[in-house]
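The following paragraphs lead the reader through a single protein model, beginning with one loop residue and proceeding to the metal sites, the pocket and the overall fold.

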Amino acid sequence: MLKPTRSHDTHPHPPKHTGETCCAGHAVPVNAVLDAAEIHCHQRGLRLTPQRRAVLDALAKARGPLGAYDLIEALRSDGARGPAPIAIYRALDFLKENGFIHRLESLNAFIACPHHHTHGEKVVFLICESCRHVEEATGKPLDEALAKLAHAHGFTPARQVVELAGTCRHCHPSAAKA
Ligand SMILES: [Zn+2]
Ligand SMILES: [Zn+2]
């Protein structure tokens, strides 16, 4: 069972060689995520309040999914208490409803989404159990296959979350040899 850790001290991908940037392709482009959220909110007359922005910023900077209590820790300034859980949950709801973040059901944790999913696009989350990186994958064949499967069972899906837990390409033993 994959458990979100509370620690942000250990780095999942220490650079193998000096000069090599770690987590190539791993990090979410923080500014792009925040800018996109600002624009989206502006266009729709929504407010990206400092709290909402701070939560999104923390998720975009995180190396892996964060739960609500990880976020309280992350947003706590020295010596001060973190924001109240209810405030975090409200911010998460807002960010999720507007497509800026995803909730990972199996981890009860959240990730920032750097994509602008078209309406109804299905996402598969590939969750690495070694480094906790989460990659998003989309694909029409999968959408069709799932729609067909549901239809065959006379089932009307309201919500779909597909999560695969395993080993990412960076953590796979074959990656170390290369
Ligand atoms: Zn996404
Ligand atoms: Zn990994």
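Arginine 132 has a relative accessibility of 16%, and because the limit for a buried residue is under 20%, arginine 132 counts as buried. The model in which this value was computed is a predicted one. Arginine 132 is situated in the loop between S3 and strand S4 (134–137). Its backbone is also noteworthy: although arginine 132 is not a glycine, it has a positive phi of about 70°. Most residues other than glycine have a negative phi.

Asparagine 108 offers a second case of this kind. Asparagine 108 is not a glycine either, yet it has a positive phi of about 50°. This residue belongs to the loop between S1 and S2. With a relative accessible area of 46%, asparagine 108 is partly exposed.

The metal sites come next. The zinc ion (ligand 2) is held by four sulfur donors, namely the SG atoms of Cys128, Cys131, Cys168 and Cys171, at 2.2 to 2.4 Å. Along the chain, these donors follow the spacing C-x2-C-x36-C-x2-C. Why is the arrangement around the zinc ion (ligand 2) described as tetrahedral? The 4 donor atoms subtend angles of 104 to 115° at this ion, and the arrangement is tetrahedral because four donors qualify if all angles lie between 85 and 135 degrees. For four tetrahedral donors, the ideal angle at a metal is 109.5 degrees. Are the cysteines 128 and 131 buried or exposed? Cysteine 128 has 1% relative accessibility and therefore counts as buried. Cysteine 131 is likewise buried, at a relative accessible area of 4%.

The zinc ion (ligand 1) has another set of donors. It is coordinated by NE2 of His102, SG of Cys113, NE2 of His117 and, listed twice, an OE atom of Glu136, at 1.9 to 2.7 Å. The donor residues of the zinc ion (ligand 1) are spaced H-x10-C-x3-H-x18-E in sequence. Histidine 102 lies in strand S1, whereas histidine 117 lies in the loop between strand S2 (109–112) and strand S3 (124–128), so the pair ties together parts that are 15 residues apart in sequence. The two histidines can also be described by their accessibility. Histidine 102 is buried, its relative accessible area being 13%. Histidine 117, at 25% relative accessibility, counts as partly exposed.

Both of these histidines reappear in the description of the largest pocket. Which residues lie nearest the centre of the largest pocket? They are His102, His117, Glu121, Val123 and Gln160, out of 36 residues that line the largest pocket. Helix H1 (30–44), helix H4 (85–97), strand S1 (101–104) and helix H5 (140–152) are the elements that give two or more residues to this lining. H1 provides the largest share, 5 residues. The volume of the largest pocket is about 1,000 Å³. By residue class, its lining comprises 16 nonpolar, 11 polar and 9 charged residues.

Alanine 112 leads back to the strands. Alanine 112 is part of strand S2, and it is buried, with a relative accessible area of 4%. Its C-alpha atom is separated by 4.3 Å from that of isoleucine 101, although the two residues are 11 residues apart along the chain. Leaving aside residues up to four places away in sequence, alanine 112 touches Val28, Val33, Leu56, Leu59, Ala60, Phe100, Ile101 and Glu136. One of these contacts, Glu136, is also a donor residue of the zinc ion (ligand 1).

Alanine 74 belongs to a helix, namely H3 (residues 68–74). With a relative accessible area of 44%, alanine 74 is partly exposed. Between the C-alpha atoms of alanine 74 and alanine 62, which are 12 residues apart along the chain, the separation is 9.3 Å.

The fold as a whole can now be set out. The protein has 6 helices and 5 strands, and from the N terminus on its elements run α-α-α-α-β-β-β-β-α-β-α. Of the 178 residues in the protein, 33% are buried. Among contacts with a separation of 6 or more, 55% are accounted for by residues 24 or more positions apart.

Definitions and conventions: Residues are numbered from 1 along each chain as its sequence is written. Chains are lettered from A and ligands numbered from 1 in the order in which they are written. This is a predicted model: local features need pLDDT of at least 70, side-chain atom pairs count only at pLDDT 80 or more; totals for chains, interfaces and linings use all residues. Side-chain values use heavy atoms; hydrogens and water are left out. Donors are N, O and S atoms within 2.8 Å of the metal (3.2 Å for Na, K and Ca); water is not among the atoms, so sites may look incomplete. Four donors count as tetrahedral if all angles lie between 85 and 135 degrees; four count as square planar and six as octahedral if opposite donors are over 155 degrees apart and all others between 65 and 115; anything else is irregular. Buried means under 20% relative accessible area, exposed over 50%, partly exposed in between (1.4 Å probe, protein chains only). On a 1 Å grid over the protein atoms alone, a cavity is a set of points where a 1.4 Å probe fits but cannot get out, and a pocket is an open set with protein on both sides within 12 Å along at least five of seven lines; lining residues have an atom within 4 Å of a point. Grid points are joined across faces, edges and corners, and a volume is the space filled by probe spheres set on the points. Helices (H or I, at least four residues) and strands (E, at least two) are DSSP runs, numbered from the N terminus. Ala, Val, Leu, Ile, Met, Phe, Trp, Tyr, Cys and Pro count as nonpolar, Asp, Glu, Lys and Arg as charged, and the others, Gly among them, as polar. Contact means heavy atoms within 4.5 Å.
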